[in-house]
Every structure is written in C-alpha cells, then in structure tokens.
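Student: I have a model open and would like to learn how to read it. Can we go through it feature by feature?

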Amino acid sequence: MPTMSLGKALNHGLRKAMERDPKVVLMGEDIGKLGGVFRVTEGLQRDFGDRRVIDTPLAESGVIGTAVGLAARGYRPVCEIQFDGFIYPAFDQIVSQVAKLHYRSEGRVTVALTIRVPFGGGVGAVEHHSESPEAYFAHTAGLRVVTPSNAADGYRMIQQAVASDDPVVFFEPKRRYWEKGEVDETRLSDTPLHRAAVVTTGSDVTIAAYGPMVATALDAARIGREEGTSIEVIDLRSLSPVDFDTIEASVRKTGRLVVAHEASVFCGLGAEIAARISERCFFHLEAPVRRVGGFATPYPPSRAEHHFLPDADRILHEVDRCLQP
Amino acid sequence: MATAQVRVPEPSIPEWTGFDGLVQLISVDGQRTVGCPYWELVADVDAAQLRGLYRDMTIVRRIDAEAMALQRQGELALWAPLLGQEAAQVGSARALRADDFVFPSYREHGVAYCRGVDPAQMLRLWRGAGLSGWDPADYGIATPAIVVGSQALHATGYALGIALDGATSAAVTYFGDGATSEGDIAEAFGFAASYVVPVVFFCQNNQWAISEPVRVQSHASIAQRGQGYGIPGIQVDGNDVLAVLAATRLALARASAGQGPTLIEAVTYRMGPHTTSDDPTRYRSRADEEEWRVKDPLARLHALLRTEGLADDSFDQDVVADADEVAAALRQGCLTMPDPEVSDLFAHVYADAHPLLLEERDAYEAFLAGLDEDGDAGA
C-alpha cells in the first residue's frame with residue numbers, strides 16, 4: 001500500500017471523484033494553477049481543464065451561492081473555502097440556502113454540494129487562519145459535517161462526501177495535511193461516512209476526539225499506557241450526525257469519557273456529547289464527562305497558541321480528573 | 001474561466017437617449033411612442049398577443065386581489081402584493097423561452113403565473129402549509145427566495161451550468177431595488193461578468209424597500225450599477241408591458257449569443273403595501289401614490305387597445321370572467337389545502353437517513369401517541 005500525506009490523499013480522492021462523475025466540478029480561490037494554498041487540488045486543473053476546476057472571483061458567498069445554482073442544474077460542486085476564518089461571508093448561503101433547500105422544496109431540489117474547509121490551529125498563522133467553526137454547522141439542520149484525521153480516511157471520506165446527495169461541510173485538519181499514512185487506493189470505503197472509529201482500545205477511560213485532535217489523543221493514550229492507564233480513543237469522523245452508539249458502547253465499558261477538540265469548550269461538540277452520553281449511560285459513568293478544548297477567547301496570537309490548543313498533558317489532566325473525581 | 005461560447009457582435013444594445021434614457025413604447029396615456037429603437041424587438045407582437053398580455057395582467061392583478069382578501073380573512077399568514085408591477089412581471093416572463101430558468105424573489109406571482117404555476121400552489125408558503133409550492137423543474141422557475149439577493153447567485157451559478165453544458169438558454173433572476181444593496185447582488189454581478197454567463201438580472205425598482213425610498217439604497221440609477229462590472233444596463237419603463245418585453249428579449253438574445261449578463265431596471269411602483277403587515281401611510285404621501293396611479297400599467301395598455309380598436313366591451317367582460325374564474329379556483333385551492341402532517345415535519349431535511357432526526361421523530365410520535373384524549377401528557 002502506498003504511503004502519502006493527508007493533503008495528497010485528499011488530492012487523489014478528489015481525482016477519483018472527478019473521474020467517476022463528470023458532473024463533479026471544483027470551485028474556489030486559487031485552486032487552479034496554484035493547486036490551492038495547501039496544494040490539495042494540485043494538478044487537477046491541468047488534467048481536467050478549467051471548466052471543471054474553476055478559479056472563482058474572491059468572494060465566499062459568491063462561491064457557495066453559485067455552487068447552489070450549479071447543483072440546481074445537476075452538477076455536483078466541490079467548493080474550497082481557503083481558510084476556516086473566511087467561511088463567514090458564505091455563512092448565509094450555507095445556513096439559509098444550502099442547508100434548507102432540500103427541506104424547503106420537499107425533496108425536489110437536491111444540493112449535492114461539498115464544502116472543503118482547512119480548519120484548526122497549530123501552524124503559526126495570523127488571525128482568521130486557525131479557527132474551528134464546526135459547531136456552527138453541526139448545529140444547522142440539513143448539513144452533514146465530517147472531518148478526517150488521517151490520510152486513509154481523507155482519501156475515502158472525500159469521495160463519500162462528494163457522492164453524498166446531501167450537502168457536506170468537510171473540515172480538513174490543516175496541521176495534519178503533511179502527516180503520512182498508508183492509503184489503499186484499490187477499493188472504496190466499507191465504513192459508512194458517519195461511523196466513528198475506535199482507533200485504539202482501552203479499558204479505563206474513553207477519549208473522543210476528531211480531526212487534528214485525534215493524533216493528540218493517541219499521544220495521550222500512549223503516555224497514559226506508559227503510566228498504567230488504559231485509554232480508548234474514538235475518532236468521531238462525523239460531527240453531524242455524531243455516532244453516539246460507538247461512543248456509548250465504549251463508555252459502557254470504560255465508565256469515563258473525555259471529549260477533546262480545538263474549538264472553544266462552551267457550546268462546542270463536547271457539550272452535546274457530554275449531554276447525550278449522560279442521558280444514554282448515566283449509570284455506567286464512574287465520573288462526570290470531562291471536556292478539554294479551546295478557551296472562551298478568540299483564537300490567540302500564534303506565539304501563544306500552544307496554550308489554547310489542548311495537548312496530551314491537558315487531555316491527561318482531564319483523564320486524571322475522571323479517574324479521581 | 002474560459003467558456004466555450006462563441007462571441008458574436010450582435011445583438012447589440014441600441015443607443016437610446018430619448019425619454020431621459022428610459023425605454024418606453026407605450027406612453028402613459030396609451031399612445032405608441034415614436035423613434036425608440038426597441039420597437040424592432042416587438043415588431044411581431046400583433047393584436048392577439050397584445051390582448052393576451054392584457055389578459056395576463058388582468059388575471060395576475062385578480063390573483064393578487066384574491067390573495068389579499070384571503071389574508072384579510074385569516075386564510076393566509078401573509079401576502080406580498082404585486083399590485084402595480086403587473087407589466088414588469090408579465091412583460092418579462094412572456095419574453096422567456098421554455099428552457100429558460102427563473103430565480104425569483106417573493107413578489108413574482110405574475111412571473112410564476114406566466115410560467116404555468118397553479119396559483120393555488122403559490123399560496124402554500126403564505127398560508128404556512130409548506131415552505132414552497134411547486135417543483136421548480138416542472139415550470140422552469142425556482143420557488144421564492146425570501147433572503148433578498150441570495151437568488152441572484154443561484155441564477156448566476158445555474159447560468160454557469162448552462163454555459164458548461166453548451167446550451168443556449170438563460171437564467172433570469174428577479175430582485176428589487178432594496179436587494180441591490182445586498183452583497184450577494186454585487187457578487188452575482190462580479191461572477192456573472194467574470195464568467196460571461198447567460199444570466200439576466202431583472203430588477204423591479206418599485207421605489208420602496210418596505211419604508212425606505214430607493215434613494216436610501218443608491219443615488220445612482222440601478223441600471224448604471226452594472227457598468228463597473230462591464231454589465232450593460234437597460235432602464236425600462238416597468239409599467240409599459242411592451243417595453244419590458246422588448247428589453248427582456250434583447251437581454252435573452254445577448255445571453256444566448258454568448259454576450260453574458262445584462263441588467264434590466266424596470267422602473268415601476270409598488271402601489272400596495274410591502275406585505276399585508278405593512279402600513280405605507282406611515283412613510284409615504286397620497287400625492288406620491290396618486291402620481292403613480294395615473295401610470296397604472298393595466299390602464300395604459302387598455303387605453304392602447306381601445307384607441308386602436310383592439311378591445312371592446314365584450315373583450316373586457318371576457319377578461320374579467322377569466323380572471324374571476326382563476327380567482328375562484330385560487331380561493332377553493334387555498335381553503336382545501338391540507339395542513340402538514342407531523343411526519344412532514346421530519347421529512348426531507350436530508351436526502352439520506354440521519355439518525356438524530358429519526359430518533360427525534362420517533363420520540364415525538366411516541367409522545368403524541370401517549371397523550372390522553374384531552375391532549376394532556378398526564379401520568
């Protein structure tokens with residue numbers, strides 16, 4: 001099996017999706033000759049032409065709004081929003097149109113749209129380039145929200161997202177773009193897009209994480225194991241819907257749950273997961289569900305971002321509080 | 001992006017500075033104007049077609065009046081009347097071809113009627129029985145966009161699809177003077193001009209965005225707003241159905257010839273309130289309303305028909321009878337429209353199954369099933 005970076009795996013996945021369906025078109029700023037600022041679309045305009053890989057004017061609402069029109073004509077657009085913090089000009093089109101058109105039209109209009117968004121911090125960027133806005137979209141009925149944490153998932157999940165008849169907001173953990181993994185390009189995924197994955201098993205505590213935090217959670221699990229704590233790590237993969245069954249099964253076994261994400265804790269995905277798991281398996285919990293994530297601050301200057309972003313130590317601190325409530 | 005369309009020099013927008021640049025073919029008192037080059041575009045319109053336009057406008061006004069009455073009688077939650085804008089809507093819609101596609105705002109009942117939508121289905125969203133009323137694919141018209149300006153981007157994207165398909169149809173989007181201040185309109189102009197796609201931006205400048213007169217939006221004419229994007233603008237008398245027909249035909253011909261977008265500003269007047277919840281007496285004068293009342297689009301076409309001997313009392317009676325018949329069917333359709341079922345609430349949020357939604361639906365249905373006869377949850 002070939003080894004490739006997450007960014008390259010996404011590139012290969014997009015290529016496959018375009019080969020499979022001529023209605024798949026890519027739209028975004030700088031995605032043509034440049035191949036996107038993270039090179040995820042590298043070589044695709046060269047190979048598929050500028051009618052399928054379209055450099056758009058610099059206006060995010062325009063990118064998404066015109067993609068809605070293309071979808072209404074039967075196309076399957078894949079839009080790139082250049083950075084997390086630049087998605088807000090498109091927020092109205094995403095929330096008021098993309099998310100609601102299928103419902104408004106009673107199923108007559110399908111918006112088979114994928115919105116790719118590099119997200120999260122840890123790359124030393126300036127303001128608006130390190131945000132985690134996923135909760136806004138997970139909160140919005142009509143959208144599906146997913147995020148791969150590794151190259152193999154990136155390759156498979158982007159193809160599943162493009163093939164979905166529902167709009168999918170596809171968050172790409174930008175600080176993991178260059179991390180490599182084995183990718184089997186010979187077959188499609190046999191895992192549904194919205195199934196969480198148990199990425200390492202354990203018996204004392206469950207950590208649920210997604211996107212860029214999965215690798216951090218695995219670090220925490222490794223350190224924990226050295227210190228005698230058996231930690232199970234779940235990669236959520238999907239943030240809407242959330243695969244609560246997989247989390248519940250794990251928590252019924254471990255009795256303890258820590259949810260980790262980069263986004264601010266208040267009203268984040270962790271809040272929803274803590275509430276649901278408390279409802280579903282309260283009497284199996286040995287301790288309150290703990291959350292670890294960004295502070296209730298805007299994203300800080302990059303020389304201080306290591307304080308904001310949870311690392312293995314901060315996750316393990318919450319693991320300890322679960323073990324000794 | 002390079003489109004595959006071949007640029008051709010014709011059709012071009014004629015030089016026209018008469019009537020202060022306003023394209024007008026029928027004067028306010030119902031006379032044919034002289035010298036306007038747009039006459040050429042409607043040279044084929046014969047007596048039968050003129051009578052047809054008058055019939056359409058009368059029916060559309062009757063639909064509007066019936067819907068207003070239904071709202072006042074408590075049968076509709078809201079209605080956005082088109083009174084005064086019949087010529088702008090019928091003139092433009094009757095220029096469209098079957099494979100053109102319309103992206104309207106929420107006041108385009110006249111356009112929807114001309115596209116063949118059952119008037120009763122237009123009421124669905126205003127009654128609260130649904131969020132829309134018809135299948136866009138059946139009629140070539142999307143359902144109303146309530147977030148003003150959003151639909152101009154959809155039209156532009158659809159037009160990009162037309163260009164990618166190598167088709168010769170066009171997308172047409174309707175919006176008002178208020179919407180021209182929205183960023184989505186500016187972005188639609190930018191994208192459409194950049195891509196050179198077949199889209200017609202049809203602005204009904206009805207002078208009022210709820211209570212704000214058009215000068216709050218802009219001190220320049222709306223037709224001029226496209227120039228900075230390289231989009232030619234046509235300012236047309238929106239109460240002159242022939243002038244609107246001509247301008248729209250020209251814009252569609254440009255679109256199909258690969259010349260890209262055209263902006264049409266139809267200068268008209270919202271004779272009624274913004275919606276049934278509005279009270280125009282708080283912000284505009286009777287003198288203002290009176291000034292526009294004499295420019296009434298139906299009266300103008302009727303005067304022309306009478307002057308030219310194309311309409312007599314029997315024609316007038318026929319048209320009224322037709323309109324009454326449409327109104328009666330509209331009322332009947334409204335009163336017999338079913339309310340949504342609980343299951344409809346949860347249907348079509350997604351194309352594919354979503355477990356959270358199924359869980360909530362099942363839980364709510366179980367809750368309803370557990371209620372006693374009085375509708376109490378009781379122990």
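Student: How many of the 379 residues of chain B, in percent, count as buried?

Tutor: Keep in mind that this is a predicted model. Burial here is a neighbour count: 20 or more other C-beta atoms within 10 Å makes a residue buried. In chain B, 49% of the 379 residues pass that test. For chain A, buried residues make up 56% of 325.

Student: Which class does B:Glu289 fall in, buried, exposed or partly exposed?

Tutor: Apply the count. B:Glu289 has 16 other C-beta atoms within 10 Å, which means that it is partly exposed. B:Glu289 sits in helix α11 (residues 286-293) of chain B. B:Tyr269 is 20 residues away from B:Glu289 in sequence, and their C-alpha atoms are 8.7 Å apart.

Student: What does the radius of gyration say about each chain?

Tutor: Compare it with what the globule rule gives for the chain length. Chain B has 22 Å against 21 Å for 379 residues, so chain B is as compact as a globular protein of that length. Chain A has 19 Å, which agrees with the value near 20 Å for a compact globule of 325 residues. Then look at the spans along the principal axes. The C-alpha trace of chain B covers about 80 × 55 × 40 Å. That of chain A covers about 60 × 40 × 40 Å.

Student: How many helices and strands does each chain have?

Tutor: Chain A has twelve helices and 14 strands. Chain B has 15 helices and seven strands.

Student: What share of the contacts joins residues at least 24 apart in sequence?

Tutor: Take the contacts with a separation of at least 6. In chain A, 80% of them join residues at least 24 apart. In chain B the figure is 76%.

Student: Where are the domains of chain B?

Tutor: The domain assignment gives domain 1 (18-335) and domain 2 (343-379). Their centres, taken over C-alpha atoms, are separated by 41 Å.

Student: How many residues does each chain bring to the contact between A and B?

Tutor: An interface can be described in several ways. Its size is often given as the accessible area lost when the parts come together. Here we count residues: 34 from chain B and 36 from chain A. On the side of chain B, α6 (136-139), α7 (150-165), α8 (183-195) and α15 (355-369) each supply at least two residues. The largest share is that of α7(B), with ten residues. By type, that side of chain B has 17 nonpolar, 13 polar and four charged residues.

Student: Which residues touch the most other members of the largest nonpolar core?

Tutor: That core holds 198 residues, and the ones with the most such neighbours are A:Ile207, B:Ala159, B:Ala246, B:Ala247 and B:Ile264. Helix α10 (residues 241-256) of chain B gives the most to the core, eleven residues. Now inspect A:Ile207. Beyond four places in sequence, A:Ile207 touches eight residues, including A:Ala217, A:Ile231, A:Val258 and A:Ile315.

Student: Which residues of helix α9 (residues 244-254) of chain A are buried?

Tutor: A:Phe244, A:Ile247, A:Ser250, A:Val251 and A:Thr254. Look down the axis. These residues cover an arc of only 130 degrees, which puts them on the same side of α9(A).

Student: What do the buried residues of α9(A) pack against?

Tutor: Their partners in chain A are β9 (197-200), β10 (205-209), β11 (231-235), β13 (257-264) and α10 (269-281). After α9(A) comes A:Gly255, with a positive phi near 80 degrees.

Technical notes. Residues numbered from 1 in each chain as written. Chains lettered and ligands numbered in written order. Predicted model: local features only at pLDDT ≥ 70, side-chain atom pairs only at ≥ 80, totals over all residues. Helix = DSSP H or I, 4+ residues; strand = E, 2+ residues; numbered from the N terminus. Rg over C-alpha atoms; globule rule 2.2 N^0.38 Å. Buried ≥ 20, exposed ≤ 12 C-beta atoms within 10 Å, placed from the backbone. Contact = placed C-beta atoms within 7 Å. Nonpolar A, V, L, I, M, F, W, Y, C, P; charged D, E, K, R; others polar. Core = buried A, V, L, I, M, F, W, Y, C linked by C-beta atoms within 7 Å. Domains from an automatic or database assignment. Arc of directions from axis to C-beta.
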